[in-house]
Amino acid sequence: MKKLISLASLSFFLLLGAGCQNQGRNTSLPPAVNEPQTQIVSESEKQDTGDTTKVDITLYKGLWFDIEYPQNFSAKPTIKTDEAYFLSPDGTVEFFVYSPLWAGNPENYLTIAPTEELVDEKIEETKEAEQPGQYGDKITRFVTVKAKDGSYYRSFVSIKEQINTGSEIHHVFGIKYQDNTAYEKYRDSYITFKESLNQYSD
């Protein structure tokens, strides 16, 4: 039987890519990967500030998950798998999600390609209280890489959590973007995308 896993336990890493406020930061650099404390802007606040990037959304059904993405993005693959890519209509941004039934790794998204170089990496390990129905140890890895030819940046967060049945859960969210302008244009859509993940269990 499929059931929804609570997203409350995922709240920490869902803020990756929530956006730079550029307070005292070099705005020529890509959004840092260690930004989990940035506050999410509500839909009503977005409308009040004149956000014009809001678009209709559609549902993508993976093998063990559902996720919402902007309707004007193109999704692949068309068959159900553990991972999926979503390309913006102007081709400047691509979202990524990996959400298997339990553990495992995406096909190649965590690998830094020979044509890429590491910009920043941060790993956080936390130990949770072992209580029935709750998650255990968690390893969260934040990474930003860039193409050596300067054509794009790619940021992702990988979250591995132990649950007290002895099993491991692994999720990955990523965003590939041409530059800061492209990132800022689709930042709110990316946050909404990540928050919409519905992970199923067997």
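These notebook entries record what I looked up in the structure.

**Entry 1: overall make-up.** I began by noting that the model is a predicted one. I then listed the secondary structure and found 2 helices and 10 strands in the protein. Following the sequence, I read the pattern α-β-β-β-β-β-β-β-β-β-α-β.

**Entry 2: burial, contacts and surface.** I looked up how much of the protein is buried, and the share is 43% of its 202 residues. I next took the contacts with a separation of 6 or more; of these, 56% are between residues 24 or more positions apart. For the surface, I noted an exposed area of about 10,600 Å², of which carbon and sulfur atoms supply 49%.

**Entry 3: the open sheet.** I traced an open sheet of 3 strands, and their order is S1-S2-S10 with antiparallel pairing. Strand S1 (57-61) and strand S10 (198-199) are at the edges and have a single partner strand each, so one side of each lacks a neighbour in the sheet. I then examined the join between strand S2, residues 65-70, and S10: the two run antiparallel and share 2 bridges. Within this join I located Phe65, whose bridge partner in S10 is Gln199. As background, I recorded that strands of a sheet pair through backbone hydrogen bonds, in either a parallel or an antiparallel manner.

**Entry 4: strands S8 and S9.** I asked how many residues of strand S8 are buried. The count is 9 of the 11 residues in 153-163, so S8 is largely enclosed by the rest of the structure. I also checked its pairing with strand S9 (residues 168-177), which is antiparallel and extends over 10 bridges. One bridge that I looked up sets Tyr153 against Tyr177 in S9.

**Entry 5: Ser88.** I located Ser88 in the loop between strand S4 (83-87) and strand S5 (93-98). Is Ser88 buried or exposed? Its relative accessibility is 3%, and the cut-off for buried is under 20%, so I entered Ser88 as buried. Leaving aside residues up to four places away in sequence, I found that Ser88 touches Phe73, Val93 and Tyr186.

**Entry 6: the peptide bond before Pro77.** I placed Pro77 in the loop between strand S3 (74-76) and S4. The bond that joins Lys76 to Pro77 is a cis peptide bond, with omega about 0°. For context, I noted that most peptide bonds are trans.

Conventions: Residues numbered from 1 in each chain as written. Predicted model: local features only at pLDDT ≥ 70, side-chain atom pairs only at ≥ 80, totals over all residues. Heavy atoms only, no water. Buried < 20%, exposed > 50% of the residue type's maximum accessible area, 1.4 Å probe, protein only. Helix = DSSP H or I, 4+ residues; strand = E, 2+ residues; numbered from the N terminus. Pairing = 2+ DSSP bridges. Contact = heavy atoms within 4.5 Å. Areas by Shrake-Rupley, 256 points an atom, 1.4 Å probe, with all protein chains shown as cover.
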